[in-house]
Amino acid sequence: LSNFIFDNPVWFQYIMLKDNVAAGSPAWKSAAASGTVAATPLTIRFSYQVIQKDVPITVTTSLGAQNYTNVIVVEEKYEAEVSPGVWQDLTAVFGYGRSYYARGIGLIQYLAFDGSNVEQFRMELRRHQVY
């Protein structure tokens, strides 16, 4: 999320979308990443869950409203390792995100929320061309 930043960049790979799981299935977790935030050591991981699947979504584009069908909605949260092997949800501190993926297109919308569920950021696909 845009409001979570390590003091120095930390690069690692993780799976952010699984299209072969049902909505509401247990969340999957990324590998852990360690760094510092305001010089305080922190180990985090991402937690992802499909919360809706094959739903219609409308976004505003440069050409007007665009309807997408077969959209997968994925919720992204942060967890911190508070002691070895013990993870704590950081939603209250850093908020969470929701990504909307349309079949055959990719990411069409991303929303970031604070810990009290108030939208803080919105990104929407404005134009696209599929070849």
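Biologist: Where is the place of serine 30 in the chain?
Modeller: The model is a predicted one. In it, serine 30 follows one strand and precedes another, β2, which covers residues 33-37. Its place is the loop between β1 and β2.

Biologist: Is serine 30 buried or exposed?
Modeller: The cut-off for a buried residue is a relative accessible area under 20%. Serine 30 has a relative accessibility of 11%, so the residue counts as buried.

Biologist: Which residues does serine 30 touch, not counting those up to four places away in sequence?
Modeller: Tyrosine 48 is 18 residues away in sequence, and its C-alpha lies 8.2 Å from that of serine 30. Contact, however, is judged by heavy atoms within 4.5 Å. With residues up to four places away not counted, serine 30 touches Phe12, Tyr14, Arg45 and Phe46.

Biologist: How do the rings of tyrosine 14 and phenylalanine 46 pair: stacked, edge-to-face or tilted?
Modeller: The structure holds ten aromatic pairs. Tyrosine 14 and phenylalanine 46 form one of them, with 4.6 Å from centre to centre and 45 degrees between the planes. Stacked pairs need planes under 30 degrees apart and edge-to-face pairs over 60, so the rest count as tilted. The pair of tyrosine 14 and phenylalanine 46 is tilted.

Biologist: Which parts of the chain does this pair link, and how many residues apart are tyrosine 14 and phenylalanine 46?
Modeller: Tyrosine 14 belongs to the segment before β1 (28-29). Phenylalanine 46 sits in strand β3, residues 40-61. The pair thus links distant parts of the chain, with its two residues 32 apart.

Biologist: Which of the two is buried, tyrosine 14 or phenylalanine 46?
Modeller: Buried requires under 20% relative accessible area. Tyrosine 14, at 34%, is partly exposed. The relative accessibility of 8% belongs to the buried residue, phenylalanine 46.

Biologist: Why is the pair of phenylalanine 46 and tyrosine 48 tilted?
Modeller: The ring centres of phenylalanine 46 and tyrosine 48 are 6.0 Å apart. Tyrosine 48 is itself buried, with 3% relative accessibility. The pair of phenylalanine 46 and tyrosine 48 is tilted because the planes stand at 45 degrees.

Biologist: Which residues form the aromatic cluster?
Modeller: Tyr14, Phe46 and Tyr48 are among its members. The full cluster is Phe12, Tyr14, Trp28, Phe46, Tyr48, Tyr78 and Phe94.

Biologist: Which ring does lysine 77 lie over?
Modeller: A charge sits over a ring if it is within 6 Å of the centre and within 35 degrees of the ring normal. Lysine 77 is at 5.9 Å from the ring centre, over the face of tyrosine 96.

Biologist: Which residues is serine 99 in contact with, leaving aside neighbours within four places in sequence?
Modeller: Serine 99 is placed in strand β6, residues 96-102. Its relative accessible area is 10%, so serine 99 is buried. Leaving aside neighbours within four places in sequence, the contacts of serine 99 are Ile72, Val73, Val74, Leu107, Gln109 and Tyr110.

Biologist: In what order do the elements of the chain run?
Modeller: The chain has one helix and eight strands. Read from the N terminus on, the order is β-β-β-β-β-α-β-β-β.

Biologist: What percentage of the residues of the chain count as buried?
Modeller: The chain exposes about 8000 Å², with carbon and sulfur atoms supplying 52% of that area. Of its 131 residues, the part that counts as buried is 34%.

Conventions:
Residues are numbered from 1 along each chain as its sequence is written. This is a predicted model: local features need pLDDT of at least 70, side-chain atom pairs count only at pLDDT 80 or more; totals for chains, interfaces and linings use all residues. Side-chain values use heavy atoms; hydrogens and water are left out. Rings of Phe, Tyr and Trp (its six-membered ring) pair if their centres lie within 6.5 Å; planes under 30 degrees apart count as stacked, over 60 as edge-to-face and the rest as tilted. Helices (H or I, at least four residues) and strands (E, at least two) are DSSP runs, numbered from the N terminus. Buried means under 20% relative accessible area, exposed over 50%, partly exposed in between (1.4 Å probe, protein chains only). Accessible areas come from the Shrake-Rupley method with a 1.4 Å probe; for residues, only the protein chains shown count as cover.
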